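Dear colleague,

I am passing on the structure we talked about, so that you can look it over alongside my notes. Please open it first and then read on.

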Amino acid sequence: MADAVFTVSEINEYVRMLLDSDPRLRRVWLRGEISNFTNHYKTGHFYFSLKDDQSVLRAVMFRGNNSRLTFLPENGMRVLVCGDIRAYPRDGQTQIVVSDMQPDGAGTLAVAFEQLRKKLEAEGLFDSARKKPLPKYPRRIGVITSPTGAAIHDIIRITGRRYPLCELILFPALVQGSGAPASLCTGVEFFNSVDLVDAMIIGRGGGSMEDLWAFNDERLARSIAASRLPVISAVGHESDVTICDFVADLRAPTPSGAAEIAVPDCEELSLVLQSMETRMRRAAAQHLARAREALDRRAGHRLLTSPRALFDERRMHLCMREERMLRLTEAKLAQVRGDVTRRAAQIEALSPLSVLSRGYAMVTDGQNKQVISTVGRLREGDAVRLRFVDGQASAHITSVHPDATIKGDEYGNCKA
């Protein structure tokens, strides 16, 4: 029997069926180094190759899966990927369709950390201007951490010793593993949605970079940045640094340090209150002493020992004012009298009778209506009246003799 002859498409399709039917090639975890990485910005898909010392395997990670990554893959980065091994008959290529990816090793984690740090810093999430101050005397503090870890016990112990008036409300959360970021975010969102606490502490005890990786999650960083409540980050030891530390309102070196920062020390407050009490007592005593001295001085005053002196003093004061008013009144009357006398003299000087008393007479027409002040108004035969200081007389003009030395324009009709 002759050997069967297959087409290329048939062989590729058969290989695809073999791979798809093998359950061992589903959700396979691979370790390798990324090469030929392409971020297809239009579709959002990642295309790259995974390689080790001897082989290369093509890989693709679609947008729906890579959008959950906390870092951006780069060439040379060592990663752990999970996916299904697939064959595509058209290209005859075998590749892995990646559904999950994690950094492999501290070096790769450091790259992912630095990428996220630069991204959030550029957005202003680390700016000091947006940091919220801690309450000076908190009533209740929310703690987001593991209920079984050493961190919560340290926080309870330190808070109880320093400031037992403050209540602690624990939100039990995962602090390690794939579900930890979502659990921590839920705690932050819960305390912001209810009016229970004045501030929050989020953190855990020490560990490796991988153990603390949940606190480098971008969603958690944005939840803390959006918090209306002040947040203290207390992750690991003093040498451990996470994205949570940068975005929080305050970083504590340890969970114990967070408790010391979050609440005041009762012993220090007691010393402050004692000092204030001492100063207040001293000030009150000095005030009372000054008031007592002033009272003693007033108690010996002449007005208290001899009240009649007050009336005598007031009477003397009134007498002095009375005398002053009389002097002012007399001076004012003398001034008025002088003014009246001067005005009377002026009026007397202007009176026609005063002129007549010096030997002059006033001439009026016969009806005694108009004063005749110039000879030009007289004609022979005119009847006139003469007014003297002591009476009147009637007369007729027999002749008129103008004075040739007086110009006519000054005396009406008189001519030189």
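Below is what I found, beginning with the chain as a whole and then moving to its parts.

Please keep in mind throughout that this is a predicted model. The chain has 416 residues, and its radius of gyration is 59 Å, whereas a compact globule of that many residues would have one near 22 Å. Along the principal axes, the C-alpha atoms fill a box of roughly 195 × 85 × 35 Å. Buried residues account for 32% of the chain, and the area that the chain exposes comes to about 26900 Å², of which carbon and sulfur atoms supply 55%. If one takes the contacts between residues at least 6 apart in sequence, 60% of them join residues at least 24 apart.

As for secondary structure, the chain contains 12 helices and 13 strands. Five of the strands form a closed barrel, in the order β1-β2-β3-β5-β4 and with mixed pairing; neighbouring strands of this sheet are turned against each other by 50° on average, when direction is ignored. Within the barrel, strand β1 (residues 28-40) and strand β4 (residues 78-88) run antiparallel and are joined by six bridges, and Val28 has Gly83 in β4 as its bridge partner. Helix α1 (residues 8-21) lies across β4 and β5 (93-103), and its direction makes an angle of about 130° with β4.

Which helices pack at an angle of about 10°? They are helix α5 (residues 180-193) and helix α6 (residues 218-225), whose axes are 9 Å apart. An angle under 35 degrees counts as roughly parallel, and therefore α5 is described as roughly parallel to α6. In the contact between them, Ala182, Leu184, Cys185, Val188 and Glu189 of α5 meet Arg219, Leu220, Ser223 and Ile224 of α6.

Further along the sequence, strand β12 (residues 383-388) pairs with strand β13 (residues 391-396) in the antiparallel sense, over six bridges. A hairpin of two residues connects β12 to β13, and Phe388 stands opposite Gly391 in β13.

When you go through the model, you could begin with the closed barrel of five strands, continue to the packing of α5 with α6, and finish at the hairpin that joins β12 to β13.

With best wishes

Methods. Residues are numbered from 1 along each chain as its sequence is written. This is a predicted model: local features need pLDDT of at least 70, side-chain atom pairs count only at pLDDT 80 or more; totals for chains, interfaces and linings use all residues. Side-chain values use heavy atoms; hydrogens and water are left out. Two strands pair if DSSP finds at least two bridges between them. Helices (H or I, at least four residues) and strands (E, at least two) are DSSP runs, numbered from the N terminus. Axes are lines fitted to C-alpha atoms, for helices over the stretch in contact, and angles run from 0 to 180 degrees between N-to-C directions. Contact means heavy atoms within 4.5 Å. The radius of gyration is taken over C-alpha atoms; the globule rule is 2.2 Å times the number of residues to the power 0.38. Buried means under 20% relative accessible area, exposed over 50%, partly exposed in between (1.4 Å probe, protein chains only). Accessible areas come from the Shrake-Rupley method with a 1.4 Å probe; for residues, only the protein chains shown count as cover. Angles under 35 degrees count as roughly parallel, over 145 as roughly antiparallel, 65 to 115 as roughly perpendicular and the rest as oblique.
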